[in-house]
Amino acid sequence: MALAKILWVDDEIESLQSQILFLQNKGYEVNSMTNGFDAVDFIKENLVDVVLLDESMPGITGLETIAKIKEVNGSIPIVLITKNETENLMDDAIGSQISDYLIKPVNPNQVLLSLKKIIDNKRLVAERTTTAYQQQFRNLFMALNSNPDYNEWMEIYKKLVYWELEMEKSDSPEMREVLQSQKSEANTEFFKFVSKNYAKWVAPKSSEAPVMSNNLFQFKVLPHVEKGIPTFFVLLDNLRFDQWKAIQPIFAESFRILEEDTFYSILPTATQYARNAIFSGLMPMDIEKQYPQFWKNDEEEGGKNMHEEELFKGMLKRLKKDNLKHSYTKILNNQAGQELVNNMHNLLNNDINVIVYNFVDMLSHARTEMEVLKELAGDEISYRSVTRSWFEHSPLHQALKKIADKKVNLILATDHGSVRVKTPAKVIGDKQTTTNLRYKHGRNLNYEPKDVLAFRDPKEAGLPVPSVNSSFIFAREDSFLCYPNNYNYYVNYYRNTFQHGGVSLEEMIVPVIKMTSK
């Protein structure tokens, strides 16, 4: 079987017979044509992997032929062969989206190199990626089994994300499978690690704890705020570290990325808890104590994130930063996004501007969130791709481009990540039990202890006590909590959807990125 099918188009094709023979001996199938019209007709009827195309031919020129070929098949790689080295011809050729160009007279090895670059590039990258991961596999395995601390866990997770993104270049389903099983082994170990340490981290005056939602501002944001240079703190709801990596190149076009860091979302890894903790600088238990008028438990009516701005002002005051001129903007729909674009120049007068952007809600436009995400993002690769294309065309991207040429600091963070759930776990509770799939609280919860991290006393996890004898449970790894009634329906409906609230690397270890204008 031929390595690839080549079509060589040149009005002096006889003089190239030795070159064609050279390629055939290397295993390529080569067809030849003497003019652009015949070449286009041939491509309509036959499969072609690469076109080698002479620029100056009688009839129609090489550039005109390119346009006609692209109409028939926009993705065929074309190598333009030309005597003419003028700059505007090169510009036109590159503008016509050629894959390569060669200057006459061409040497057979030159042609071979160009073909290899085009045809074998994907294969060579895939092979290199697979080999490199095989070499790294052992290091990751050792790291997982050497009792990592919270900083090492952040590094392990970043490495797993790096390989997951690299594996997109590989066409080896076996290696992807190996990586997936290594990732799920990592999540098993991470769950044990969090179960053992979480209560210590959130205990009052804990000396040994990672940066978490409740002290993110204190340690990762406010130290970078300086008078005279506006800082924009953008919280992109529900953004995992791998999704950040998907949109990173778009940010890098306009901003210089200074630090790619991570921090730990508190439990439950859910908006109401994690985001309120970020903007108040407090654990939920303390928010309820200090702001009883603002805190609502899951089962209470009304919005749970209505008072972030007041909590933020309270935190600035407590940290003696209330002399900072600040603004708070929350974007829940596209129209609000457009208003932000128009208002960006006014925000440059502040020391710190908080922008909260509800990405998942915006993506799905309505409460049919589940259905839309199931259709658009069936797995991690498609979820990253959806995130990237959403961000590229979003009002947020437009708004940030407006300030990219001003002297500003930009900090991007999130409240929590999400995990694709696959394993159902049964839970029985009374009528007051909450409906979340990754965490529940209520009285008289019945569950398999091995399936969850449980806090019989919510205060140990820094959480309010919604009612007497109320306990909290958090799902582990990729499990989701289902009630026995209508069990099979819910299991099939929610399996393979992205959820949050529980304990996994994807939900808890989340990005905080420091950037500045170029």
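These legends walk through a predicted model, starting with the whole protein and then moving in on a few spots.

**Figure 1. The whole protein, with its 19 helices and 19 strands.** Here's the full chain before we zoom in. The C-alpha trace spans about 90 × 55 × 40 Å along its principal axes. Of the 518 residues in the protein, 53% are buried. Take the contacts between residues at least 6 apart in sequence: 74% of them join residues at least 24 apart.

**Figure 2. Helices α13 and α17 side by side.** This view picks out α13, which covers residues 334–347, and α17, which covers residues 395–403. Their axes come within 8 Å and cross at roughly 5°. Angles under 35 degrees count as roughly parallel, so that's the label this pair gets. On the α13 side, the contact is made by N334, G337, Q338, L340, V341, N342 and M344. On the α17 side, look for P395, Q398, A399, L400, K402 and I403. Sort the residues of this contact by type and you get 7 nonpolar, 5 polar and 1 charged.

**Figure 3. Helix α9 and its bend at I247.** Helix α9 takes in residues 241–254, which makes 14 residues. From its first C-alpha to its last, α9 reaches 20 Å, close to the 20 Å expected at 1.5 Å a residue. Still, α9 bends by about 45° at I247. Keep an eye out for a proline here too: P249 follows within four residues of the bend.

**Figure 4. Helix α9 again, this time for what is covered.** How many of the 14 residues of α9 are buried? The count is 10, so α9 is mostly covered (buried means under 20% relative accessible area). The buried residues include the aromatic-lettered F241, W244 and F251. I247, where the helix bends, is on the buried list as well. So are D242, Q243, A246, Q248, I250 and S254.

**Figure 5. E189 and its surroundings.** Our last stop is E189, which has its place in helix α7, residues 173–202. Is E189 buried or exposed? Neither label quite fits: at 24% relative accessibility, E189 counts as partly exposed. Setting aside neighbours within four places in sequence, E189 is in contact with L144 and W153. N145 is also worth finding in this view: E189 and N145 are 44 residues apart in sequence, yet their C-alpha atoms are 8.5 Å apart in space.

Conventions
Residues numbered from 1 in each chain as written. Predicted model: local features only at pLDDT ≥ 70, side-chain atom pairs only at ≥ 80, totals over all residues. Heavy atoms only, no water. Axes fitted to C-alpha atoms, helices over the stretch in contact; angles between N-to-C directions. Helix = DSSP H or I, 4+ residues; strand = E, 2+ residues; numbered from the N terminus. Parallel < 35°, antiparallel > 145°, perpendicular 65-115°, else oblique. Contact = heavy atoms within 4.5 Å. Nonpolar A, V, L, I, M, F, W, Y, C, P; charged D, E, K, R; others polar. Expected span 1.5 Å × (residues − 1). Bend = angle between axes of the 7 residues up to and from the residue. Buried < 20%, exposed > 50% of the residue type's maximum accessible area, 1.4 Å probe, protein only.
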